[in-house]
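Got the viewer open? Let's take a short walk through this one, one selection at a time.

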Amino acid sequence: MVSPVKIWRRQKEKREILGKEGKVISWTKIYIAPNDFKNMVPYPVVLVELEDKKKFVGQLVDYEEKNLKFGQKVKAVLRKTRNVGQEDVIPYGIKFKPI
Amino acid sequence: MKIIAFYQTKFGELWEKSLTSLIKEAIFGVLKEANLEIDQVDAIFFSNMMAGVLENNLHTSSKISEIIGKNIPIFRVEAACASGGIAFHLATKYLSDNSKKTVLIVGAEKMTDYSPEETTLALAAAASGEEQEAGLTFPGLYALMANFYLQKYHYSEENLAYVSFKNHFHGSLNPKAHFQNKLTIEKILKSPYVAYPLKVLDSSPISDGAAALILTNDAYLIKKSKYSVSVLASEVATDTINLFQRQTFDEILATKIASELAFKKAKIERKHIKVAEVHDCFSIAEILAMEDLGFWKKGEGGKNIKELSTQIGGSDLTVNPSGGLKASGHPVGATGVKQIGEIFLQLTKQAGQRQVKNAKYGLAHNVGGSGGTVVVTILGS
């Protein structure tokens with residue numbers, strides 16, 4: 001479980017990245033994951049250079065295999081990040097989708 | 001300041017051993033190697049990463065006091081996979097401040113009692129919050145570097161495979177190694193992905209084990225010792241915890257900084273180093289290390305590794321004669337201590353079948369996380 005207060009504290013950082021566009025400068029596909037991510041494997045994670053030249057990492061969602069390439073244009077979106085218990089606060093965070 | 005003894009337990013899945021029993025074996029093993037009694041040790045530096053997270057086991061300093069039955073200062077050090085190198089570094093500083101003293105450095109880790117998911121999660125504690133939230137694991141972080149490198153310099157997964165091929169050959173010559181089997185390039189390439197483009201056989205294993213060194217500046221003890229090796233430099237550099245905050249992804253900047261400082265301090269050149277233990281937690285890491293330490297030009301590592309010039313008997317310096325993290329095993333807290341110990345064995349001609357010829361200087365390179373901490377140690381006989 002991720003503590004609700006930690007989830008709350010991280011929100012302000014996420015707001016700055018949300019909606020920004022960028023391009024993939026490296027990518028991987030994870031096959032062995034920690035428990036909270038286990039039911040998503042295999043999932044791609046992309047290293048993105050955003051329009052303001054800042055960089056960030058996140059999972060690639062709503063993708064096809066052909067999108068797993070260098071230079072792929074992506075947009076930062078808000079998604080559920082990990083699986084938690086039924087009584088826990090659902091954590092949302094930055095993921096990327098191809099555009 | 002000289003290293004006068006080294007001991008390591010077997011690395012591997014040691015079902016019958018606890019963290020405490022591994023520490024005990026290493027401490028009394030190295031004392032026997034040095035022909036010393038515990039009363040002659042003035043302080044202990046202990047390196048361990050995960051006992052707090054995995055087995056709710058902290059305050060190990062006091063546990064070690066109980067093992068040895070003494071009340072001397074004992075310090076526990078944590079810097080992820082660089083814990084061992086940092087413990088050694090702090091031990092050298094302790095001796096710089098205290099004359100005629102002898103210290104024991106012991107690194108240990110117990111990892112195989114847990115599922116791969118539990119261990120992956122515990123290791124991920126050494127990554128940033130953002131990386132953890134992206135579902136990035138350590139293989140994942142190095143996979144991002146590997147894919148970046150392969151794309152930039154036009155190499156393939158086959159180039160990476162030669163690192164594991166060489167290190168398993170070396171492991172086959174090391175009776176303490178976790179894996180003592182040789183691999184074929186084909187077998188490495190056919191192993192399943194952990195994080196594309198890195199496969200199981202590009203990755204160091206989850207291991208149990210401990211390693212210990214005796215370091216002293218007591219002239220009488222040094223004179224009396226059968227073996228001794230000088231510490232010429234031990235330098236530390238750090239970098240951002242987030243991989244994405246770095247300038248580029250085909251280098252580990254902290255390695256470059258620490259190695260520049262270390263060579264300056266040791267007053268020797270790269271060509272004098274005939275043997276090195278570098279941090280090959282993943283195949284790509286050894287290639288980046290060789291470039292960032294200044295042994296190879298940036299971008300040429302993928303080509304050079306295929307020539308196997310760094311294999312024992314090759315034309316270049318020998319790299320990872322112990323088998324590296326890949327074959328020798330990677331009990332996180334013990335690794336940095338074992339690397340320095342392997343160089344000690346090589347420089348004192350105690351390395352048996354894997355002995356490198358005519359080595360007067362050696363280097364150990366220990367990395368924490370994805371490059372957030374690096375220690376470079378240079379030893380001379």
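Start inside chain B, and keep in mind that this is a predicted model. Select B:Leu160, B:Ala161, B:Val163 and B:Ser164: these helix 8 residues meet B:Ser283, B:Ile284, B:Glu286 and B:Ile287 of helix 12 in chain B. By class, this contact between the two helices has five nonpolar residues, two polar and one charged.

Now show both helices of chain B in full, residues 157-171 for helix 8 and 283-292 for helix 12; their axes come within 8 Å and cross at roughly 95°. Angles of 65 to 115 degrees count as roughly perpendicular, so that is the label for helix 8 of chain B against helix 12 of chain B.

Zoom out to the whole of chain B. You'll find 15 helices and 12 strands there. The C-alpha trace of chain B spans about 55 × 45 × 35 Å along its principal axes. Its radius of gyration is 19 Å, which agrees with the value near 21 Å for a compact globule of 381 residues. Colour chain B by burial and 61% of its residues count as buried.

Next, bring chain A back in. Here 24 residues of chain A are in contact with 26 residues of chain B. On the chain A side, strand 1 (21-30), strand 2 (43-50) and strand 3 (55-59) each supply at least two residues. That side of chain A comprises 14 nonpolar, seven polar and three charged residues.

Last stop: strand 1 of chain A and strand 5 of chain B (residues 193-196). They run antiparallel and are joined by two bridges. Pick A:Lys29, and opposite it you'll see B:Tyr196 in strand 5 of chain B.

Methods:
Residues are numbered from 1 along each chain as its sequence is written. Chains are lettered from A and ligands numbered from 1 in the order in which they are written. This is a predicted model: local features need pLDDT of at least 70, side-chain atom pairs count only at pLDDT 80 or more; totals for chains, interfaces and linings use all residues. Two residues are in contact if their C-beta atoms, placed from the backbone, lie within 7 Å. Helices (H or I, at least four residues) and strands (E, at least two) are DSSP runs, numbered from the N terminus. Ala, Val, Leu, Ile, Met, Phe, Trp, Tyr, Cys and Pro count as nonpolar, Asp, Glu, Lys and Arg as charged, and the others, Gly among them, as polar. Two strands pair if DSSP finds at least two bridges between them. Axes are lines fitted to C-alpha atoms, for helices over the stretch in contact, and angles run from 0 to 180 degrees between N-to-C directions. Angles under 35 degrees count as roughly parallel, over 145 as roughly antiparallel, 65 to 115 as roughly perpendicular and the rest as oblique. The radius of gyration is taken over C-alpha atoms; the globule rule is 2.2 Å times the number of residues to the power 0.38. A residue is buried if 20 or more other C-beta atoms lie within 10 Å of its own, exposed if 12 or fewer, and partly exposed in between; C-beta atoms are placed from the backbone.
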